[in-house]
Amino acid sequence: MKNNYKVSIIGMGALGLMYGSFIKEHAQGKFENIIVEFVLDEHRFEKNKNKNYRCNGKEVAFTMTKASEATPCDLLIVATKATGLEAALDTMENCVDDHTTIISVLNGISSEGILGERFGKEKIIYTVAQGMDAMKFGDEVKYSNLGKLCIGVVDPKVQKRLQEVEEFFDMIQMPYTKEGDILYRMWSKFMLNVGVNQTCMVYNTNYKGVLTPQTEENRMFIAAMREVVAVANAEGVKLTEADLTEYVRIVATLNPTSVPSMAQDRINGRRSEVESFAGTVRRLAKKHNIYVPANDYLYERVMEIEASLRE
């Protein structure tokens with residue numbers, strides 16, 4: 001690894017702040033010069049430039065950079081909401097040059113394709129963030145599980161970049177696994193998000209709520225994931241009931257009183273990522289003539305909830 005290293009992060013939500021704090025703390029002393037910055041559009045820069053953030057009760061000072069003044073980085077971490085990705089593409093424009101590597105910790109299965117189309121597929125390391133329970137309310141992020149990043153490549157030509165990211169993660173002790181079949185891992189996490197995110201939002205519950213046996217929440221959680229298994233199989237991804245069981249087990253390791261991002265959206269009155277979850281399932285189900293009543297129900301209920309929040 002080179003002695004100077006720059007990490008730029010797009011998105012100051014729970015994951016962006018969690019990873020920014022972790023990298024800043026663990027990279028100190030490993031490089032002659034390490035820069036960890038958040039790059040923001042003009043409006044967000046003015047809103048955030050004087051804020052003090054706290055991560056697990058500890059105050060963290062971050063470098064804030066206007067998008068118009070940004071310069072290329074070594075590693076670009078995209079941590080926006082899926083609903084904000086298209087607008088963020090312009091925000092990150094100045095952060096990318098030929099040597100920049102991009103990872104996305106967004107939910108869903110489409111962000112890598114969108115980023116690759118804009119900045120070049122050869123720059124993209126496919127990434128799944130799983131096992132974390134970070135929550136952000138106001139200017140504070142709390143988490144009890146950092147989880148891990150699952151990383152891999154679709155194109156073998158990107159192996160050198162993958163190796164460089166591994167070296168960086170090893171140096172800062174970032175928990176990660178290298179995936180031989182990253183698309184399978186992405187669909188596995190997608191299956192979980194479709195179940196847990198939407199169920200927690202619709203039923204206004206937490207991880208404990210979806211895991212409680214013989215409840216409507218638990219049945220909906222499982223039914224929505226089983227529909228993803230069916231759609232994934234039709235798309236050529238071999239998800240199984242064993243994968244579903246494993247991801248339910250992962251949820252059981254999280255803080256039972258924590259809630260996923262869509263439930264946080266309901267609390268904060270924000271637009272959710274339902275189009276990335278049930279919306280995607282419904283579109284692919286229609287393509288393959290698969291019946292997905294659980295996701296149909298969750299989609300309609302989220303639409304009703306979001307409409308009521310705007311009233």
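Me: At what angle do helix α11 and helix α12 pack?
Reply: This is a predicted model. Helix α11 covers residues 275-288, and helix α12 covers residues 293-310. Their axes lie 9 Å apart. The packing angle is about 140°.

Me: Which word describes how α11 and α12 lie to each other, and why?
Reply: Their angle is about 140°. Angles over 145 degrees count as roughly antiparallel, and 65 to 115 as roughly perpendicular, with oblique for what is left outside the named ranges. The two helices, α11 and α12, are therefore oblique.

Me: Which residues of α12 does α11 meet?
Reply: α11 passes α12 in a left-handed crossing. From α11, the contact uses Glu275, Ala278, Gly279, Val281 and Arg282. By class, the contact has three nonpolar, two polar and four charged residues. On the α12 side the residues are Asn295, Asp296, Tyr299 and Glu300.

Me: How do α6 and α9 lie to each other, and why?
Reply: Helix α9 spans residues 241-252. Its axis and that of α6 come within 10 Å and cross at roughly 60°. Roughly parallel needs an angle under 35 degrees, and roughly perpendicular needs 65 to 115. So α6 and α9 are oblique.

Me: What is the handedness of the crossing of α6 and α9, and which residues of α9 take part in the contact?
Reply: The crossing is right-handed. α6 brings Tyr184, Arg185, Ser188, Lys189, Met191 and Leu192. The contact has six nonpolar, one polar and three charged residues. The α9 residues are Asp243, Leu244, Tyr247 and Val251.

Me: In what order do the strands of the eight-strand sheet run?
Reply: This sheet is open, and its pairing is mixed. Its edge strands are β5 (63-66) and β12 (176-178), each pairing on one side only. The twist averages 25° from one strand to the next. The order is β5-β2-β1-β6-β7-β8-β11-β12.

Me: Which residue in β2 stands opposite Lys6?
Reply: Strand β1 holds residues 4-10, and strand β2 holds residues 33-40. The two pair in the parallel sense over six bridges. Opposite Lys6 stands Ile35.

Me: At what angle does helix α1 run to β2?
Reply: Helix α1 takes in residues 14-27. It lies across β1, β2, β6 (75-78), β8 (124-130) and β11 (148-152). Its angle to β2 is about 165°.

Me: Which strands does helix α6 touch?
Reply: Helix α6 runs over residues 182-202 and packs on the sheet. Its direction makes about 35° with that of β8. The strands touched are β8 and β11.

Me: Which strands are at the edges of the four-strand sheet?
Reply: The sheet is open and has mixed pairing. Its order is β4-β3-β10-β9. The twist averages 25° from one strand to the next. Each edge strand pairs on one side only, and the two are β4 (58-60) and β9 (135-137).

Me: Which residue in β4 is the bridge partner of Arg54?
Reply: Strand β3 covers residues 53-55. Three bridges join β3 to β4, and the two run antiparallel. The partner of Arg54 is Glu59.

Me: What is the radius of gyration of the protein chain?
Reply: The chain has 12 helices and 12 strands. For 311 residues the globule rule gives 19 Å, and the chain comes close to that, so it is as compact as a globular protein of that length. The C-alpha trace spans about 55 × 45 × 30 Å along its principal axes. The radius of gyration is 19 Å.

Key
Residues numbered from 1 in each chain as written. Predicted model: local features only at pLDDT ≥ 70, side-chain atom pairs only at ≥ 80, totals over all residues. Heavy atoms only, no water. Pairing = 2+ DSSP bridges. Axes fitted to C-alpha atoms, helices over the stretch in contact; angles between N-to-C directions. Left-handed = near helix turned anticlockwise from the far one by under 90°. Contact = heavy atoms within 4.5 Å. Nonpolar A, V, L, I, M, F, W, Y, C, P; charged D, E, K, R; others polar. Rg over C-alpha atoms; globule rule 2.2 N^0.38 Å.
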